[in-house]
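Hi everyone, thanks for making time for this. I'd like to walk you through one structure, so let's put it up on the screen.

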Amino acid sequence: MMFQKVGLSSKTEAFGLEYIDALYGYALMLTRNRSDAEDLVQETYVRALDAKDRLREDSNVKGWFFTILRNLWLNQLRKRKSEPHLVEIDGQEGGADYLSGNTPSSDEILVAKEDVEQVRFAIRQLSPEFQEVIHLREFEELSYQQIAIVLSCPTGTVMSRLGRARAKLRALLTPTWSQTASSGKDSRS
Amino acid sequence: MKSHEDYDTMIQLFIDEELPEGNREEFLTHFKDCGDCQKTLVEAEAFSETVQRARPQVQAPAALRARVLNQMDRAHNKAGLTALAQIQAAVSLYWRPLSMAAMLCIVAGGGLSISHFRRESLANDFIRSAVANHRKFGIDTSLDISSSSPQEVSSWFAQRVSFPFRMPNAGIASDDHAKYKLMGGRLVDFGGQRAALVVFQMPNNRISLLVSSDKLAKAMGGKITQSSGLRFHARDMNELHIATWDNKGLTYALVSSVAMGSSGSCSTCHRSSATGVAKNKKPQDVVEHVLQASEKNPLQEMIPNSVGVSAGR
């Protein structure tokens, strides 16, 4: 047991491993396929290890990994000469991270879960490019500049695309959103 | 004169922490008196939060993680072995001990390189967290503890964080010569653990200080200045100025829009630095402080005799 612990501890120090969950989530969003997503993430680390000496000191490591992953995905798409095929994937939830002392009631959990599902469903209704920009900004919290690097486009394009994606998402969620906003206000008052 | 629509556009940039500092001040001035903008901001923030809550809790499969780790090990070993083969071919039998030493250096170097990237990544995360919390305080000014007493604030944090919280200086903000005033602090999250955000107010500026255990992140990079045995790392990010340093098991990140090193004087934060220093420090420290001032220490305007130089003492 002792050896296992030592091994695990030293391995978690490995370069960029802290982003593996985020990269896998992004890969799932792009590929819509678990097996393809796993291959894509693995290949991303292969490329990153080869290229890490070229990583500039002031680079954003997370954004750099995302850029590699996306470029690999685009290369695969070019090879396949086909458009991304969107299929449903079942959710993979790892349990809610509730803060101690702030545990919601069962009813609240149920309502929150419904909201979450509705938002996810609405996001899946967006075009792939809107889904992608929402994923990078809202889920991965990359800055506009980092997103621009990942998507290989100007920062202005990121801003406008994000604005349109949010507007579309808001429109899709309007009935849910008004209820959520009003219940949020009620609970705050 | 900006139209209301211009401010409307700024709201999302403000929430995304993408509004340039110059526009930010202008926006906040308008925002204070505009009920429509206040309402829009609350709604836009709530919308963003709703979307963010829908982030799928995706975890990479254990098998994938294991494959990636094996890959790293292989790459690591391959780098070491390739270099070893080259060295062995190049040197004679007599030099074998030397080649073994070189191999060990290469293998150790590879390990250090990975470890360096990891530390650098954590240091950058800490700075990003300090900046994000500094900006967030512009929207939500609530504090978990409101007090101008350093002792009270220290004691409050000490009971709530898992590391031995210390203010940078026991006399901080109680110095009559300081132009800033301790406002209090609040608990924030960093690296999945509680960290302390201490907030100071100046007449036209706000200073925040993120404090965490140095086990989670250490100060790295930036422009390095040494003072009183501490190494300060200074950098600018979107017109914000950040200074980070480690001291006695803690890591500090000071964020402010106060310019660092522009005028070479301590007057930004202190009314009379020389007197202030003399009052609180040993003679040798006073000499060092004056010498640093003459060398235009890039940090002296932000951390002259209170916040940084005497950190943790």
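**Helix packing and the chain interface**

Let me begin inside chain A, where α2(A) and α6(A) are roughly antiparallel to each other, and here is why: their axes cross at roughly 170 degrees, and an angle over 145 counts as roughly antiparallel. Before I go on, please keep in mind that this is a predicted model.

To help you find these two, α2(A) covers residues 20-31, and its axis comes within 10 Å of that of α6(A). On the α2(A) side the contact uses A:Gly25, A:Tyr26, A:Met29 and A:Leu30, and α6(A) answers with A:Gln131, A:Glu132, A:His135 and A:Leu136. Sorted by class, that contact has 4 nonpolar residues, 3 polar and 1 charged.

Now stay with α6(A), residues 128-139, and look towards α8(A), residues 155-172. How far apart are the axes of these two helices, and at what angle do they pack? The axes are 9 Å apart, and the angle is about 100 degrees. That value makes α6(A) roughly perpendicular to α8(A).

From α6(A), the residues in this contact are A:Glu129, A:Phe130, A:Val133, A:Ile134, A:Arg137 and A:Glu138. They meet a set in α8(A) that includes A:Val158, A:Arg161, A:Leu162 and A:Leu169. The class count here is 7 nonpolar and 7 charged, with no polar residues.

One more stop on α6(A). A:Glu132, which we just met in the contact with α2(A), also forms a salt bridge with A:Arg70, with the closest N and O atoms 2.7 Å apart. A:Arg70 sits in α4 of chain A, residues 61-80, and A:Glu132 in α6 of chain A, so this pair ties together parts that are 62 residues apart in sequence. Over all chains, the salt bridge count comes to 15.

Let's move out to the interface. Here 40 residues of chain B are in contact with 52 residues of chain A. The two chains bury about 4,500 Å² between them, and carbon and sulfur atoms give 59% of that. Which three residues supply more than any others of the area that chain B buries against chain A? They are B:Phe47, B:Phe117 and B:Arg118, with 15%.

What about charges and polar pairs? There are 5 salt bridges between chain B and chain A. In one salt bridge, B:Arg55 pairs with A:Glu140, the closest N and O atoms being 2.7 Å apart. The interface also has 15 residue pairs in polar contact.

On chain B, the elements giving two or more residues to this side are α1 (4-15), α3 (35-53), α4 (62-90) and α5 (96-139). α3(B) gives the largest share, 10 residues. By class, the chain B side divides into 18 nonpolar, 11 polar and 11 charged residues.

That's my tour, and I'm happy to take questions!

Notes:
Residues are numbered from 1 along each chain as its sequence is written. Chains are lettered from A and ligands numbered from 1 in the order in which they are written. This is a predicted model: local features need pLDDT of at least 70, side-chain atom pairs count only at pLDDT 80 or more; totals for chains, interfaces and linings use all residues. Side-chain values use heavy atoms; hydrogens and water are left out. Contact means heavy atoms within 4.5 Å. Buried area is the accessible area (1.4 Å probe) that two parts lose on being put together, summed over both. A salt bridge is a side-chain nitrogen of Lys or Arg within 4 Å of a carboxyl oxygen of Asp or Glu. A polar contact is a pair of N or O atoms within 3.5 Å; within protein, one must be able to donate a hydrogen and the other to accept it, and residues adjacent in sequence count only if both atoms are side-chain atoms. Helices (H or I, at least four residues) and strands (E, at least two) are DSSP runs, numbered from the N terminus. Ala, Val, Leu, Ile, Met, Phe, Trp, Tyr, Cys and Pro count as nonpolar, Asp, Glu, Lys and Arg as charged, and the others, Gly among them, as polar. Axes are lines fitted to C-alpha atoms, for helices over the stretch in contact, and angles run from 0 to 180 degrees between N-to-C directions. Angles under 35 degrees count as roughly parallel, over 145 as roughly antiparallel, 65 to 115 as roughly perpendicular and the rest as oblique.
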